[in-house]
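Trainee: I have a structure open on my screen and would like to learn how to read it. Could you take me through it feature by feature?

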Amino acid sequence: FRFKDSLAQDLHEADLVISHAGAGSCLETLEQGKPLVVVINEKLMNNHQLELAKQLNRDGHVLCCNCSTLVDTLQSMDLSTLKPFPPGRPEKFALFLDKVVGFQ
Amino acid sequence: TGGHTTEILRLLSCLSESYSPRHYIFADSDKMSEAKIRSFEQKRAETFSNSQFTLDRIPRSREVRQSWASSVVTTLYSILYSLPLTYKWKPDLILCNGPGTCVPVCISALLLGLLGIKRAIIVYVESICRVETLSLSGKILYYFSDYFIVQWPDLKEKYPKSIYLGRIV
């Protein structure tokens, strides 16, 4: 897999994704509507990368575990508890910006 | 860079054609952003006939975890590089979302404003990855931007002058 340009095709075909907590990986997976288990390696990560994974977990969009609990998590997980991830709304930004610059 | 480019292109996706011409500025070390931008603009040109855009590179102002002292030097160097660009384009609006590249560009725009040459509106959108803390660029530009947008409510609480529109990318 090393450095594919895009994982979109693989994501499309997957039933379950297990990933590190990188923001791009998490968001791409969620946007494709795939269930996601995020494996957190606190020793390896930049502190701020954890923020998104933790928030997504709190909001019920992903399951989290670490390397040692991964197997248990996979065995006992209930993916139906995961909530769908609504897409972002760039149109809200456009509306806001139009007001700011004076295009009404 | 990478994720920042993807995010900013999403921010641009719903903007009307009045936001033209678009001048993209990114780091010289960035290999992937040019392709993403061209692809975005190409798609856009299918809908909007008069699509105009330019691409410029500036030296990267700071590597991840680069020391403070050397960051100041490299940022100053990037500012010197950005000044002629901002002078050339004289933007009405600067939209940025967090890579180190945006700081020298905004600073040079502020200088142009101070000198009475051109006053740009600076809009900063913090990355969706930032839930509880601001990036370094965010911490700096919180004070120097005209509009500072965050995408999670925790940040709105911590930074009251910020604007929260929910998730916009």
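Trainee: How much area is buried between chain A and chain B?

Mentor: The size of an interface is often given as the accessible area lost when the parts come together. In this predicted model, chain A and chain B bury about 2400 Å² between them. Carbon and sulfur atoms give 65% of that area.

Trainee: Which residues of chain A lose the most area to chain B?

Mentor: Look for A:Glu51, A:Phe93 and A:Phe96, which together make up 26% of what the chain A side buries. As for residue counts, chain A brings 26 residues to the contact and chain B brings 27.

Trainee: Now to the sheet. What is the order of the strands in the open sheet of chain B?

Mentor: Strands of a sheet pair through backbone hydrogen bonds, either parallel or antiparallel. Here four strands of chain B form an open sheet in the order 3-4-5-6, and the pairing is parallel. Strand 3 and strand 6 (163-164) are the edges, each pairing on one side only.

Trainee: How many bridges hold strand 4 of chain B to strand 3 of chain B?

Mentor: There are four bridges between these two parallel strands, and one place to look is B:Leu95, whose bridge partner in strand 4 is B:Val123. To get from strand 3 to strand 4, the chain crosses through helix 4 of chain B, in a right-handed β-α-β crossover.

Trainee: And which residues of strand 5 of chain B stand opposite strand 4? I have B:Val123 selected and B:Tyr124 next.

Mentor: B:Val123 faces B:Tyr147, and B:Tyr124 has B:Phe148 opposite. Strand 4 and strand 5 (residues 147-150) of chain B run parallel, joined by three bridges. With helix 5 of chain B, these two strands make another β-α-β unit, and that unit is right-handed.

Trainee: Is strand 4 of chain B largely enclosed or largely open?

Mentor: Four of its five residues are buried, so strand 4 of chain B is largely enclosed by the rest of the structure.

Trainee: How do I judge a helix, then? Let's take helix 4 of chain B, residues 102-114.

Mentor: A handy check is its length. At 1.5 Å a residue, the 13 residues of helix 4 of chain B should span 18 Å, and the end C-alpha atoms are 18 Å apart, which agrees. After the helix comes B:Gly116, with a positive phi near 75 degrees.

Trainee: Which residues of helix 4 of chain B are buried, and what covers them?

Mentor: An α-helix has 3.6 residues a turn, so residues three or four places apart point the same way. In helix 4 of chain B, the buried residues include B:Val105, B:Ser108, B:Ala109 and B:Leu112. Their cover includes strand 1 (22-27), strand 2 (53-58), helix 3 (68-89) and strand 3 (93-96) of chain B. Strand 4 (121-125) and helix 5 (136-144) of chain B also contribute.

Trainee: I see cysteines in that helix. How many disulfides are there over all chains?

Mentor: A disulfide is a covalent bond between the sulfur atoms of two cysteines. The count here is zero over all chains. B:Cys102 is in no disulfide, as its nearest cysteine sulfur, that of B:Cys96, is 4.2 Å away. For B:Cys106, the closest cysteine sulfur is also in B:Cys96, at 3.7 Å, too far for a bond; the cut-off is 2.5 Å. B:Cys102 is buried at 6% relative accessible area, and B:Cys106 is buried at 0%.

Trainee: Let me try a single residue. What is B:Phe26 in contact with, beyond its sequence neighbours?

Mentor: B:Phe26 is found in strand 1 of chain B, and its contacts beyond four places in sequence include B:Ile37, B:Leu55, B:Ile58 and B:Thr101. At 4% relative accessibility, B:Phe26 counts as buried.

Trainee: Finally, where should I look for unusual backbone geometry?

Mentor: Try two loops of chain B. A cis peptide bond joins B:Ser20 and B:Pro21, with omega about -10 degrees, and B:Pro21 lies in the loop between helix 1 (2-12) and strand 1 of chain B. B:Lys90 sits in the loop between helix 3 and strand 3 of chain B. Its phi is positive, near 40 degrees, in a residue other than glycine. B:Lys90 is partly exposed, with a relative accessible area of 31%.

Definitions and conventions
Residues are numbered from 1 along each chain as its sequence is written. Chains are lettered from A and ligands numbered from 1 in the order in which they are written. This is a predicted model: local features need pLDDT of at least 70, side-chain atom pairs count only at pLDDT 80 or more; totals for chains, interfaces and linings use all residues. Side-chain values use heavy atoms; hydrogens and water are left out. The expected span of a helix is 1.5 Å times one less than its number of residues. Buried means under 20% relative accessible area, exposed over 50%, partly exposed in between (1.4 Å probe, protein chains only). Contact means heavy atoms within 4.5 Å. Two strands pair if DSSP finds at least two bridges between them. A crossover is right-handed if, with the strands pointing away from the viewer, the path from the first strand over the helix to the second runs clockwise. Buried area is the accessible area (1.4 Å probe) that two parts lose on being put together, summed over both.
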